[in-house]
Amino acid sequence: MDDPSTAIPADPRRVPRCGDDVQVVIIGGGPGGYEAALTAARQGARTTLVEDRGVGGAAVLTDVVPSKTLIATAEVLDLVAGSRELGIRDADDGAAPTAETLDVDLDAVNTRVRRLADAQSADIRQSLVAAGVEVLDGRGRLDGPDRVEVSGADGETRVLEADVILLAVGARPRELGTAPFDGERILNWTQLYSLQELPEHLIVVGSGVTGAEFASAYRALGSEVTLVSSREKVLPGTDADAADVLEDAFARRGVTVRSRSRAAGARRTADGVVVTLTSGEEIEGSHALMALGGIPWTSDLGLFTAGVRVRESGHIETDRVSRTSVRGIYAAGDCTGVYPLASVAAMQGRIAMHHALGEAVSPLIAAQVSSAIFTSPEIAVVGVSEQEVASGQVRAEVLMLGLETNPRAKMQGIDEGFVKLLVRPDSHTVLGAVVVAPRASELILPYTLAVAHRLTAEQLAGTSTVYPSLTGSLAEVARQKVLAGGSA
């Protein structure tokens, strides 16, 4: 396992130490780019950020912020629809709330989504300017290993000399040639926020994180949803128990999952879409969301000219401090293919700038990266997986506790979910964890700290928790190891 205490020294051969006159140029204004720009500017470097699709990048404008804002609305509907046992009734007729008695104004929802995304983008731009970063609206590309050519929105072209360059250009949705996006009926995930009416029947193609999140959200919003999955289970690669809980939730809420089915294409009809499977079967719906992963925006970036190595997938090769194959050129975010997470992109950007500007930094450590899937219920993971344990790659014991015995879960009507802890057999050091629950994305933090700082099950078990709380189960599952091991 990576040693989190190992720091990689700065490379003094390329750039002056921090405090000297260093020019940093960043191509891309997403989390990797703007966090790098803020870091470089605060260290005294002259910093320029180039972005042609809006500050904040896809994460803020078309991906993370919009999707989680939409999901927040779906969560409220889901919560109210499931509140029968809490004693909530309609004020007029005394009926218990159900999904069928609720309605959503999707145009209003999407207007709010776009407004919040634009506001977040404006906030980030203001922070950059306040920090002294020059923000250029235009497309940047490498013009050799130490120059960036910027094609401005006004048609003007300028060339920037750079001591340090960071590439943070992100990725775009993958498109099937047999299912071209039209932005109206056949959509990618960036185009959903222009819809004014709720899809009557949304066909989601792809059962990874993006597909699962939107299938969960649109079902809660009131759409009929069919999820086309090429795998036997949804969320391939995710914890199997977590995937089982989500599939059960899908079945209970009425999401139709077509497992082991692969889409061959999609076409518009007079009033909807038809998705054709490779088996020849056709599925009719009102809209289709193609959630087939992303392709890095690395074409026409001047990588070959500058000598930057790229993998067959188009992703830029980097090491754990974000260096590319060319000294002085770094890369961060989805264009590197490390993890498609905004949090990781931001971390890569900060690490790159600290390293480039003379700071010894701890590298990106995969085992300490936590991630979440914003379905209902949410799924959050960190560190070693049970699959790695089962395959013999890692020696660990697996501890698991369902939420059905948690008093706070009972009070809130939560009847699904669990916490899982993976600990080293001899030292009881926490190696990994899974949380499946409402707000699992928040609950995973204590386990992330435990993994990062090599805490033991005993230390988790002995930590005070609020009663009643869902966090009580985080400590309670660790107590299983304490009781089994006979230590306190």
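**Buried residues, nonpolar cores and internal spaces**

Excluding residues up to four places away in sequence, Thr39 touches Arg350, Met353 and His354. The model described here is predicted. Thr39 belongs to helix 1, which spans residues 31-42, and its side chain reaches the backbone oxygen of Glu35 at 2.8 Å. Because its relative accessibility is 8%, and the limit for burial is under 20%, Thr39 counts as buried.

A second buried position is found in strand 15 (residues 287-290), where Ala288 is placed. The relative accessibility of Ala288 is 0%, and this residue therefore counts as buried. With residues up to four places away in sequence again left aside, the contacts of Ala288 are Arg185, Ile186, Leu187, Leu202, Ile203, Val273 and Val275. A separation of 34 Å is found between the C-alpha atoms of Ala288 and Glu317, which lie 29 residues apart along the chain.

In soluble globular proteins, nonpolar side chains tend to be buried together. In the present model, the largest nonpolar core comprises 37 residues, and Leu70, Phe214, Tyr218 and Leu221 have the most contacts inside it. Two or more residues of this core are given by each of helix 3, helix 4 (106-130), strand 9 (201-205), helix 5, strand 10 (224-228), helix 6 and strand 22 (430-437). Of these elements, helix 5 gives the most, with seven residues. For Phe214, the residues touched are Ser67, Leu70, Trp189, Leu192, Tyr193 and Leu289, not counting those up to four places away in sequence. A second core, separate from that one, has 28 residues, among them Leu399, Val419, Leu474 and Val477.

Open spaces were also examined. The volume of the second largest pocket is about 1,400 Å³. Its lining is made up of 38 residues, of which Asp78, Leu79, Gly82, Arg253 and Ser376 are the closest to the pocket centre. At least two lining residues come from each of helix 3 (64-81), helix 5 (209-221) and helix 6 (240-253). Helix 3 gives the most to this lining, with seven residues. By residue class, the lining of the second largest pocket contains 17 nonpolar, 13 charged and eight polar residues. Helices 3, 5 and 6 thus appear in two settings: each supplies at least two residues to the lining of the second largest pocket, and each gives two or more to the largest nonpolar core.

Enclosed spaces complete the description. The model holds five cavities of 30 Å³ or more, and the largest cavity contains about 90 Å³ of space. The residues that line the largest cavity are Ile27, Gly28, Val50, Glu51, Asp52, Arg53, Gly138, Arg139, Gly140, Ala168, Val169 and Trp297. Strand 2 (46-51) and strand 3 (134-142) each supply at least two residues of this lining, and strand 3 gives the most, with three residues. In terms of residue class, the lining of the largest cavity consists of five nonpolar, four charged and three polar residues.

Technical notes: Residues are numbered from 1 along each chain as its sequence is written. This is a predicted model: local features need pLDDT of at least 70, side-chain atom pairs count only at pLDDT 80 or more; totals for chains, interfaces and linings use all residues. Side-chain values use heavy atoms; hydrogens and water are left out. On a 1 Å grid over the protein atoms alone, a cavity is a set of points where a 1.4 Å probe fits but cannot get out, and a pocket is an open set with protein on both sides within 12 Å along at least five of seven lines; lining residues have an atom within 4 Å of a point. Grid points are joined across faces, edges and corners, and a volume is the space filled by probe spheres set on the points. Helices (H or I, at least four residues) and strands (E, at least two) are DSSP runs, numbered from the N terminus. Ala, Val, Leu, Ile, Met, Phe, Trp, Tyr, Cys and Pro count as nonpolar, Asp, Glu, Lys and Arg as charged, and the others, Gly among them, as polar. A nonpolar core is a set of buried Ala, Val, Leu, Ile, Met, Phe, Trp, Tyr and Cys residues joined through side-chain atoms within 4.5 Å. Buried means under 20% relative accessible area, exposed over 50%, partly exposed in between (1.4 Å probe, protein chains only). Contact means heavy atoms within 4.5 Å. A polar contact is a pair of N or O atoms within 3.5 Å; within protein, one must be able to donate a hydrogen and the other to accept it, and residues adjacent in sequence count only if both atoms are side-chain atoms.
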